[in-house]
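Hi everyone, thanks for coming. Could you open the structure on your screens and keep it in view while I talk?

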Amino acid sequence: MRLSPKQSTLLVLAVLMIASPFFFPSNYYYRVGSLVFVNAIAVVGIVILTGYAGQISLGHAGFLGIGGYACALLPAHFGLPPALAVVAGAAISGAIAYVVGRPILKLKGYYLAVATLGFGVLVSMVLANEGWLTGGPDGIKVPDPGIRALLEQVGIELTNPQFWYAFCGLVLFIGAWLALNLRESPTGRALRALHGSEVAARTAGIDIAKAKLNAFVISAVYASVAGSLLALQNRLITPDVAGFMHSIELVTMAVLGGAGSVLGGIFGAALLTLLPQVLTVLQDYEHVVLGLVMMGVMIFLPAGLIPSARRLLRGRGE
Amino acid sequence: MSLLQVEGLGISFGGVTAVNDVSFALDQGKIVSVIGPNGAGKTTLFNMISGVYLPKSGKVRLDGEDVTGLRPDLLAVRGMSRTFQNLQIFQEMSVLENVIVGFHMHERGPVLADLFALPGSRKRARAAAEGARVLLERVGLERAAEREAGALSYGALKRLEIARALAARPRVLLLDEPAAGCNAVETEEIDRLICEVAKTGVAILLVEHDMKLVMRLSDTIVVLDHGEKIAEGDPAVVSRDPRVIEAYLGAGTTEALHAHG
Ligand SMILES: Nc1ncnc2c1ncn2[C@@H]1O[C@H](COP(=O)(O)OP(=O)(O)OP(=O)(O)O)[C@@H](O)[C@H]1O
Ligand SMILES: [Mg+2]
């Protein structure tokens with residue numbers, strides 16, 4: 001039996017997620033792994049927005065911030081259970097993306113880039129400056145969702161890092177599954193079509209404004225969930241999460257791994273999360289090497305790592 | 001009343017008039033060709049009819065409804081479809097997927113159903129894929145279905161665009177130079193295809209420089225020169241019109257009208 005691209009991507013992902021812990025020398029690696037997963041969740045959203053639909057956002061960390069602060073503020077002020085705050089945060093992010101996206105997505109190219117950048121900056125400024133609500137630049141405490149305690153009651157005992165590794169991994173897996181479903185669906189095809197040619201997409205009956213808005217809202221929900229998971233496992237959220245640098249990082253991860261491919265995006269997230277950890281041995285040269293790796297990939301493999309690798313393999317197979 | 005009515009359509013770019021006061025009508029199952037020298041305004045006329053450009057003056061009526069300046073996707077819903085002179089292909093998609101996109105209006109559904117790959121969504125996608133294969137066969141591209149569209153030859157891409165346009169099940173089909181860059185065999189196929197489509201009742205508006213093709217296929221020919229309609233009528237009459245001959249002589253294509261293609 002031959003696996004479809006969707007099935008093989010999910011299989012690779014599941015195997016890597018389950019097999020990796022066997023090589024973890026210490027608990028700390030679970031923590032790194034769950035950070036990879038959190039970034040990857042947000043990057044899968046970017047893959048939908050940028051890779052499928054061809055629209056750029058340099059402000060997506062703003063939605064991570066909204067998702068993260070939702071987990072701090074909604075339980076504190078409205079008594080919402082933290083786990084439900086994830087869902088509420090996603091809904092708020094989706095609603096804000098809808099309102100912001102409608103005017104912004106009329107813009108193209110670097111105009112869109114600057115407008116989304118403005119949105120991201122706005123969110124991080126509000127989070128940093130409205131100290132009475134958000135705790136200001138030092139951030140704010142986030143309550144424990146209590147899922148691990150619940151699992152313990154049914155006999156599943158995990159250390160805290162193990163739990164977050166498993167939980168974020170599961171969410172990423174579901175996120176990847178949804179994104180892969182979307183890719184081959186009418187909605188996803190419409191996104192990829194308008195990426196290829198807006199005028200041809202429109203003459204095929206695609207409402208491109210609505211299609212772009214769909215992509216923007218969906219990707220905002222991904223980012224929001226990622227932000228919530230980050231906040232919950234750190235038990236703390238600071239405005240940096242929503243910062244400009246984080247937005248850039250997410251886009252870089254997607255592009256480096258291959259923006260059009262879900263697996264590529266996840267791989268890019270893993271690479272850019274792990275590489276700095278590995279490169280710390282180089283000390284002063286860490287950032288130089290990191291920059292060179294990024295430039296090298298873009299010059300020699302402009303389609304990104306995973307699509308380029310796939311093309312190589314396919315070329316050999318024929 | 002005619003299916004498509006163009007009334008006094010005009011547009012200018014930066015003060016320069018590209019199309020001025022052009023009118024004609026197109027009925028079900030008929031083929032009307034728009035000819036004229038390079039830069040006469042044929043593509044611009046297409047762009048106004050299909051909602052890509054907003055005309056400065058005049059009206060477009062589809063089945064009696066005023067659709068002037070309506071968005072292309074809304075025109076598509078009302079049964080208008082087109083191909084492009086400068087190819088507009090979804091390069092990163094497979095040949096099959098390019099045609100499936102043409103089925104968008106028939107396969108679209110709720111976003112959540114698509115995200116969760118619910119049976120309804122999969123069924124719609126499968127139906128579109130089946131329809132797309134039939135159309136690819138019709139334009140002779142069935143063997144290229146799984147290839148990346150960007151890898152096809154120019155002539156093949158022209159036919160791919162026709163297949164994609166047909167996928168929308170149009171009532172009015174605008175073809176902008178479908179035979180450009182095609183060899184004799186491919187032109188023959190396109191000739192046959194256009195005839196077949198017209199026979200099914202689709203109204204076809206054709207822009208084409210291959211005069212042999214135009215003379216054979218057209219019920220009516222509209223001649224544009226410098227954005228103005230200078231003649232209209234059946235092929236035999238138009239090809240003898242002195243103003244038409246002069247326009248072509250002026251453009252230096254003496255033999256264009258005499259079926260050398
Ligand atoms: N978007 C635009 N902006 C400025 N000028 C334009 C634009 N579109 C068309 N024109 C001008 O309008 C005139 C008509 O162009 P058009 O492309 O419609 O000609 P055509 O009859 O299709 O020619 P061809 O046979 O070469 O395809 C040309 O002078 C062209 O430069
Ligand atoms: Mg033209």
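In chain B, 4 strands make up an open sheet, with antiparallel pairing and the order β2-β1-β4-β5. Please keep in mind that this is a predicted model.

Which strands sit at the edges of this sheet? They are β2(B), residues 16-26, and β5(B), residues 65-66, and each of these pairs on one side only.

Let's walk through the sheet pair by pair. β1(B) and β2(B) are antiparallel partners, joined over 7 bridges. If you want a place to put your finger, find Ile11(B): opposite this residue, in β2(B), stands Val19(B). Now follow the chain from one strand to the other. β1(B) and β2(B) form a hairpin, and there are 2 residues between them. In that turn you'll find Gly14(B), with a positive phi of about 55°.

On to the next pair. β1(B) also pairs with β4(B), again in the antiparallel sense, over 5 bridges. Here you can look for Val6(B), which stands opposite Val60(B) in β4(B).

Then comes the last pair of this sheet. How many bridges join β4(B) and β5(B)? There are 2, and the pairing is antiparallel. Both can be named by residue: Arg61(B) has Asp66(B) as its bridge partner in β5(B), and Leu62(B) has Glu65(B). This is a hairpin as well, with 2 residues between β4(B) and β5(B). Asp63(B), in the turn, has a positive phi of about 55°.

Now add a helix to the picture. α1(B) lies across β1(B), β2(B) and β4(B), and runs at about 115° to β1(B). Remember this helix, please; we'll meet it again at the ligand.

Let's move to the other sheet. This one is open too, with 6 strands in the order β6-β7-β8-β3-β9-β10 in chain B, and its pairing is mixed. Why do β6(B) and β10(B) each have one side without a neighbour in the sheet? Because they stand at the edges, each has a single partner strand. On average, neighbouring strands in this sheet are turned by 20° against each other, if we ignore direction.

Take a closer look at one end of the order. β9(B), residues 220-225, pairs with β10(B) in the antiparallel sense, over 5 bridges. One residue to find here is Ile221(B), whose bridge partner in β10(B) is Gly233(B).

This sheet has a helix lying across it as well. α8(B), residues 184-199, crosses β3(B), β7(B) and β8(B), and its direction is about 150° to that of β8(B).

Finally, the ligand. Which residues come nearest to ligand 1? Of the 13 around it, they are Gly39(B), Lys42(B), Thr43(B), Thr44(B) and Gln85(B). Sorted by class, the shell has 4 nonpolar, 7 polar and 2 charged residues. And here is our helix again: α1(B), residues 42-49, gives the most to this shell, with 3 residues.

Let's zoom in on the oxygen atoms of ligand 1. A backbone N or O atom of Gly39(B) is 2.8 Å from one of the ligand's oxygen atoms. For Gly41(B), a backbone N or O atom lies 2.9 Å from an oxygen atom of ligand 1. His209(B) takes part through its side chain, where an N or O atom is 2.9 Å from a ligand oxygen. Taken on its own, ligand 1 has 630 Å² of accessible area, and the protein covers 61% of that.

That's my tour, and I'm happy to take questions!

Methods. Residues numbered from 1 in each chain as written. Chains lettered and ligands numbered in written order. Predicted model: local features only at pLDDT ≥ 70, side-chain atom pairs only at ≥ 80, totals over all residues. Heavy atoms only, no water. Near = heavy atom within 4 Å. Polar contact = N/O pair within 3.5 Å; in protein donor to acceptor, adjacent residues only side chain to side chain. Areas by Shrake-Rupley, 256 points an atom, 1.4 Å probe, with all protein chains shown as cover. Nonpolar A, V, L, I, M, F, W, Y, C, P; charged D, E, K, R; others polar. Pairing = 2+ DSSP bridges. Axes fitted to C-alpha atoms, helices over the stretch in contact; angles between N-to-C directions. Contact = heavy atoms within 4.5 Å.
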